[in-house]
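Trainee: Please show me the model, and then let me ask about it.

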Amino acid sequence: MNEYLCHDFKTPRVDTSRRLPSSFRAIPAIFYAALVGCAYVMTMDYFHYKKALAQKTEAEERKKASEAQRDSFKNEKSDLESEATKAEKVAQWMEGARNIQPIAVKIARAVQTETRITQVALERSEQVPANLALTIHLNGSKVSSELAAIESALGQLLYRSYSPQQTKNGDVVEYHSTLVRQAD
């Protein structure tokens, strides 16, 4: 290579373009400050995201717990309602299951001494516990007048005969009736 060319590279040159203003020296500082700010914002966003995920799982657990509690309350309510229905049915049955001893006493007192009662059956219906099925087997000469006396005695206890039927088998008269309690 030639010396002239090498010497030409080492000679100072006059600037062909203007220098940047000195305010541009702040650009790198602004860049690094923006980088630090972005890193701070990204870090805080990451922590907030993790916190939001934890809050979401906590809220889902609370939701499941409240739903389970709600379901248990619903089950308890349905159990209580079924128990109330059963208690209501028992109360209705108890209302209809009045003491039958007064009925038996009235029947026995209504019959004269020459007529004999061979069998008395009082059965309560499960569907309508207020109604009683009465079956009486009587022996005697004046059975029809005795049956009328029995019906009037039961009327004093506020029971009336519904669909009475009489069947005669030899000396025995079989009487079937449904006793219905009249309203007070």
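What follows is a short exchange of questions and answers.

Mentor: This is a predicted model, where local features need pLDDT of at least 70, side-chain atom pairs count only at pLDDT 80 or more, and totals for chains, interfaces and linings use all residues. Residues are numbered from 1 along each chain as its sequence is written, and side-chain values use heavy atoms, with hydrogens and water left out.

Trainee: In what order do the elements of the protein run from the N terminus on?

Mentor: Helices (H or I, at least four residues) and strands (E, at least two) are DSSP runs, numbered from the N terminus. The protein has four helices and four strands. Their order is α-α-α-β-β-α-β-β.

Trainee: Which element gives the largest share of the largest nonpolar core?

Mentor: A nonpolar core is a set of buried Ala, Val, Leu, Ile, Met, Phe, Trp, Tyr and Cys residues joined through side-chain atoms within 4.5 Å. The largest one has 17 residues. At least two residues come from each of α3 (101-110), β2 (132-139), α4 (143-156) and β4 (172-181). The largest share, five residues, is from α4.

Trainee: Is Leu 20 buried or exposed?

Mentor: Leu 20 sits in the loop between α1 (3-10) and α2 (26-96). Buried means under 20% relative accessible area, exposed over 50%, and partly exposed in between (1.4 Å probe, protein chains only). Because its relative accessible area is 65%, Leu 20 is exposed.

Trainee: What percentage of the 184 residues in the protein do buried residues make up?

Mentor: The cut-off for buried is the one used for Leu 20, under 20% relative accessible area. Of the 184 residues, the buried share is 15%.
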